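Student: Got a minute to go through this one with me? I'd like to start with a strand and then see where we end up.

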Amino acid sequence: MNETRAHDRYELDPGDFLVTDERARADGLEIVGVWHSHPDHSAHPSETDREAAWEGWSYVIVSVTRDGIADVRAWRLSSNEFVEDPIERCQP
Ligand SMILES: [Zn+2]
């Protein structure tokens, strides 16, 4: 995580990613995206999110306020622009 701008930045640690990817593959799984939170901001991607995004991955953004989770949305980069991915919500 970017400690100096943690409110609007995040970083994937390459070592953590490799370990997670290896574990997923060993279980027959594939990493298809990442999630992060937007404290006190909407669940829409920022320009920073767009610049750091990879085509084909799904980016789940959780809007969080002091009252808890306000919104959850998923986005996918297409032609260098984010389009919203539908999220199927399961009933507990
Ligand atoms: Zn973001």
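**Strand, zinc site and core**

Tutor: Sure, start with β1: V34, H36 and H38 point to one face and are buried, whereas G33, W35, S37 and P39 point to the other face and are not buried. Buried here means under 20% relative accessible area, exposed means over 50%, and partly exposed is in between, with a 1.4 Å probe and protein chains only. In a regular strand the side chains alternate between the two faces of the sheet.

Student: Before I trust any of that, what am I looking at?

Tutor: This is a predicted model, where local features need pLDDT of at least 70, side-chain atom pairs count only at pLDDT 80 or more, and totals for chains, interfaces and linings use all residues. Residues are numbered from 1 along each chain as its sequence is written, and side-chain values use heavy atoms, with hydrogens and water left out.

Student: Okay. How many helices and strands does the protein chain have?

Tutor: Two helices and four strands, in the order α-β-α-β-β-β along the sequence. Helices (H or I, at least four residues) and strands (E, at least two) are DSSP runs, numbered from the N terminus.

Student: And which way do β1 and β2 run?

Tutor: They run parallel, joined by seven bridges. Two strands pair if DSSP finds at least two bridges between them. G33 stands opposite S58 in β2.

Student: Now the metal. What coordinates the zinc ion?

Tutor: H36 and H38, each through NE2, plus D49, which is listed twice through OD, at 1.9 to 2.5 Å. Donors are N, O and S atoms within 2.8 Å of the metal (3.2 Å for Na, K and Ca), and water is not among the atoms, so sites may look incomplete. Along the chain the donors follow the spacing H-x1-H-x10-D.

Student: Why does the pair H36 and D49 tie together separate parts?

Tutor: Because H36 lies in strand β1 (residues 33–39) and D49 in helix α2 (residues 47–52), the pair ties together parts that are 13 residues apart in sequence. Both H36 and D49 are buried.

Student: What geometry does the site of the zinc ion get?

Tutor: Irregular, with angles of 57 to 162 degrees among the four donor atoms. Four donors count as tetrahedral if all angles lie between 85 and 135 degrees; four count as square planar and six as octahedral if opposite donors are over 155 degrees apart and all others between 65 and 115; anything else is irregular.

Student: Switching topic: which residues make up the largest nonpolar core?

Tutor: Eleven residues: A24, I31, V34, A43, A53, W57, Y59, I61, W75, L77 and F82. β2 (58–65) and β3 (68–78) each supply at least two of them. A nonpolar core is a set of buried Ala, Val, Leu, Ile, Met, Phe, Trp, Tyr and Cys residues joined through side-chain atoms within 4.5 Å.

Student: What does F82 touch?

Tutor: Not counting residues up to four places away in sequence, F82 touches P45, D49, R50, A53, Y59, W75, R76 and L77. Contact means heavy atoms within 4.5 Å. One of those partners, D49, is also a zinc ligand.

Student: How many aromatic pairs are there?

Tutor: Five, in a search of the whole structure. F17 and W54 are an edge-to-face pair, 6.4 Å centre to centre with 80 degrees between the planes. That pair links F17 in helix α1 (residues 14–26) with W54 in the loop between α2 and β2, 37 residues apart. Rings of Phe, Tyr and Trp (its six-membered ring) pair if their centres lie within 6.5 Å; planes under 30 degrees apart count as stacked, over 60 as edge-to-face and the rest as tilted.

Student: Are F17 and W54 buried, exposed or partly exposed, then?

Tutor: F17 counts as partly exposed at 23% relative accessibility, and W54 counts as partly exposed at 47%. The rings of Y59 and F82 have centres 5.9 Å apart and planes at 80 degrees, so that pair is edge-to-face. Y59 and F82 are both buried. Ring pairs link F17, W54, W57, Y59 and F82 into a cluster.

Student: Last one: where does phi turn positive in a residue other than glycine?

Tutor: D40 has phi near 60 degrees and sits in the loop between β1 and α2. S79 has phi near 55 degrees, and its place is in the loop between β3 and β4 (81–85). D40 is exposed at 58% relative accessibility, and S79 is exposed with a relative accessible area of 65%.
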